[in-house]
Amino acid sequence: MRKLILIAFVFMGVSACKVNPFTGQKTLNFYPNSQVFPSAFAQYDQFLTENNVVTGTADAQMITRVGQRISSAAERWLTANGHPGYLADYKWEYNLVKDETVNAWCMPGGKIVFYTGILPITQSETGVAVVMGHEVAHALADHGAQRMSAGTLQQLGAVAGNVAIKDQQTLGIFNQAYGVGTQYLGMLPFSRSHETEADRIGLQIMAIAGYDPYEAAELWKRMKANSGGEAPPEFMSTHPSNDTRINNLTVWAPDAAAEAAKFGVTKFQ
Ligand SMILES: [Zn+2]
């Protein structure tokens, strides 16, 4: 029996590895977009109906504009690097929600929310682009589905070798991974490595979108000053420390600017 379980794990590990085009690394992901995205889209819509969405203001328009510029930069990068069609299932949406919490988050498939509480920290459109790049990067790198996959392995351990993931089970794992009922999935913290990866990818795509990558470290200095040592929820728990994050972004900024130059972007906003 134990052997059988081992074989099942190995089989799933082999068949479920997907290469992240941004890092070139294999990641564990059992779930195709077609399984994850519909659940995420439904949950996002539910969140919007239950919260105070800001529309028509200059701030709301800025969130949409930055989101569109960043996701379009990601599309250009993916196409240029041999991954056209990577975003086919994505349905990008960028909403501003009236809430004093200093936070922003993203659900699988490109469903993003900014709270008005983060705007005093972002301060400018470029500051919004730093956070937007990070959130879009979580969506591009399938961090949500990877979190679900980790939950699946735990469950598989519990049910000893039952590898058939039926729809109902998928829903259960989705709900468990994302804490439906108490918290929406985008609000739960990612692992430290996912946060660092989102910082690095986000920096590159914000630069390709024409936003100054050297402003990213500045945003995180303001975040650190504001938090008094505590990070906002999406960046919580296992997040890299603010100092690590600021150092990383400072070191990576020239690379991001160089990447943007490949796309003809040499002046930044
Ligand atoms: Zn994050």
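These questions and answers go through a predicted model of one protein.

Residues are numbered from 1 along each chain as its sequence is written. Local features need pLDDT of at least 70 and side-chain atom pairs 80 or more, while totals for chains, interfaces and linings use all residues, and side-chain values use heavy atoms, without hydrogens and water.

Student: What percentage of the residues count as buried?
Tutor: Buried means under 20% relative accessible area, exposed over 50%, and partly exposed in between, with a 1.4 Å probe and protein chains only. The protein has 269 residues. Of these, the buried part is 52%.

Student: How far apart are the end C-alpha atoms of helix α2?
Tutor: A helix is a DSSP run of H or I with at least four residues, numbered from the N terminus. The expected span is 1.5 Å times one less than the number of residues. Helix α2 (residues 33-50) has 18 residues, so 26 Å is expected. The end C-alpha atoms agree with this, at 25 Å.

Student: Which residues does Met 132 touch, beyond those up to four places away in sequence?
Tutor: Met 132 is among the residues with the most contacts inside the largest nonpolar core, which has 59 residues. Such a core is a set of buried Ala, Val, Leu, Ile, Met, Phe, Trp, Tyr and Cys residues joined through side-chain atoms within 4.5 Å. Contact means heavy atoms within 4.5 Å. On that count, Met 132 touches Ile 63, Val 66, Gly 67, Ile 70, Tyr 94, Ile 112 and Phe 114.

Student: With which side chain does His 143 make a polar contact of 3.0 Å?
Tutor: A polar contact is a pair of N or O atoms within 3.5 Å; within protein, one must be able to donate a hydrogen and the other to accept it, and residues adjacent in sequence count only if both atoms are side-chain atoms. His 143 is buried, with a relative accessible area of 0%. One polar contact, of 2.8 Å, joins its side chain to that of His 138. The contact of 3.0 Å is with the side chain of Glu 197.

Methods:
Helices (H or I, at least four residues) and strands (E, at least two) are DSSP runs, numbered from the N terminus.
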